Amino acid sequence: MTSSPSFFKAVFAIARKDLATEFRSRELISAMLVFSMLVILIFNFALELNPDARRTVTAGVLWTTFAFAGTLGLNRSMAVEKDRGCMDGLLLAPVDRSAIFFGKAISNLVFMLLVEMIVIPMYAMLYNETRIFQLEFFGVLLLGSIGYIAVGTLLSAMSVQTRTRDVLLPILLFPVAVPVLLASVKASGGIVAGLPFEDYVTPLNLLIVYDVIFLAGSYMSFDFVVEE
Amino acid sequence: MIEVKKLVKRFGLKTILKGLDFSVQPGEFVALLGPNGAGKTTFLRILASLSRPSLGSVKVAGYPLPNESAKVRARLGVVSHLPLLYPDLTAEENLEFYARMYGISNYHVRITEVLKMVGLEPRRRDLVRTFSRGMQQRLSIGRAIIHDPEVALFDEPYTGLDQDASEMLDDVLRSVAAKGRTVVMTSHDLARAEDLATRFDVLSRGVIVASGTKDDFKNSNLLDFYRKALET
């Protein structure tokens, strides 16, 4: 009756299951959204900026917001698997365990991108900043989110096995994700400031390299992280 | 079907399993008995490839662990203390998810068959969060046998079940055994174990201290056999 499922079928089964679960409960997205909006509002009140200053802080404010909101989502997404023993259910499947990493990473990425797509128009309204509606800016958002989620999914699988998981994930994640966040802020900041492509191509290239490294590193080490 | 030689499992400085030897023939129903902390769950987790042995060799369905763990997992069904189910999915969606993970073709037919077997067909479209503990445990067994495994590992399957739910679980376990599947079940419920199993192994202080069939204690009962094993 059983034939081992293909790697990709297992990846999409996990991602699909996560999306279906979240569609029902709306626990994760709503927490990430409310948190993001609060951060954007707090920044808005704290930094009473003139239009020129806004241009320089936009990328920093947005990436700070997405990084914190992303951590909330990553923690919750893996805790759901751990709390009811479902992680064991996944580990018992006759499939390469890196499929679990990619399945979880895809669903985490979808949640983060959804939040970003809602937060960006909010930000544009509050800060009267329309230069973020550029295809290049969305490209950087996607690349930055991929890198952040890749390393975040791996570290959340590690931290969820500890008692201090809520505290441990940001402590582990932020130092490791600094290169991705810095490159994302530099590249998206350059786009918002209207700089020529040559001026932000270096952080963009770095971002791509970090994405590849984080995805490959997480793929290779996930099996060891989840094993008892 | 299961062959374990000189199995040692350490967590830090603490040794849980101390050179355990164990073997099970195809079609046997083994009740693994023992006091709390004896290492039963640790042992089952190693057989399920969820934990690596520190020393010793483990073979399940002819494949060595941990080297061939994916092949072992394809032939294994596991029920643990926790249901391993997603509360925000329906019973059917939970089984569908696991059927996809096990690469089952034409899984809709199999899901209906399994739901009927565990008595949850009328509740197939209800969210698991609305299920009682007994119903969740029955669905958990459905999840474990969805791919019709050759070997079934049940870790305390009766924990938290009422009388009706326990009787229904008896029927499910009997039907799994009747299909010639190999079953290893840990339990503190000696009466149930005596009723269902064909062999009884007692695990204490990290080793198997006694092993016997019903014929070995036909003049007494399993409780006496168990007590005597623990005294040795």
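Let me begin with helix α6 of chain B, where Q163(B), D164(B), E167(B), D171(B) and A178(B) are exposed, on the side away from the buried residues. Please keep in mind throughout that what we are looking at is a predicted model.

The helix itself runs over residues 163-178, which makes 16 residues, and from its first C-alpha to its last it reaches 22 Å, close to the 22 Å expected at 1.5 Å a residue. Which residues of α6(B) are buried? They are L169(B), V172(B), L173(B) and V176(B), and seen down the axis of the helix they fall within an arc of 100°, so they line one face of α6(B). These buried residues pack against several elements of chain B, namely the helices α4 (107-117), α5 (133-145) and α7 (190-196), together with the strands β7 (151-155) and β8 (182-186). Just after α6(B), G180(B) takes a positive phi of about 85°.

Now to the sheet. In chain B, six strands form an open sheet with mixed pairing, and their order is β6-β7-β8-β3-β9-β10. The edge strands, each pairing on one side only, are β6 (76-79) and β10 (207-213) of chain B, and the twist from one strand to the next averages 15°. Towards the β10(B) edge, strand β9 of chain B, residues 199-204, pairs with β10(B) in the antiparallel sense over six bridges, and L203(B) has I208(B), in β10(B), as its bridge partner. As for what lies on the sheet, α5(B) packs there, touching β6 and β7 of chain B, and the direction of α5(B) makes about 165° with that of β6(B).

Key:
Residues are numbered from 1 along each chain as its sequence is written. Chains are lettered from A and ligands numbered from 1 in the order in which they are written. This is a predicted model: local features need pLDDT of at least 70, side-chain atom pairs count only at pLDDT 80 or more; totals for chains, interfaces and linings use all residues. Helices (H or I, at least four residues) and strands (E, at least two) are DSSP runs, numbered from the N terminus. The expected span of a helix is 1.5 Å times one less than its number of residues. A residue is buried if 20 or more other C-beta atoms lie within 10 Å of its own, exposed if 12 or fewer, and partly exposed in between; C-beta atoms are placed from the backbone. The arc is that of the directions from the helix axis to the C-beta atoms. Two residues are in contact if their C-beta atoms, placed from the backbone, lie within 7 Å. Two strands pair if DSSP finds at least two bridges between them. Axes are lines fitted to C-alpha atoms, for helices over the stretch in contact, and angles run from 0 to 180 degrees between N-to-C directions.
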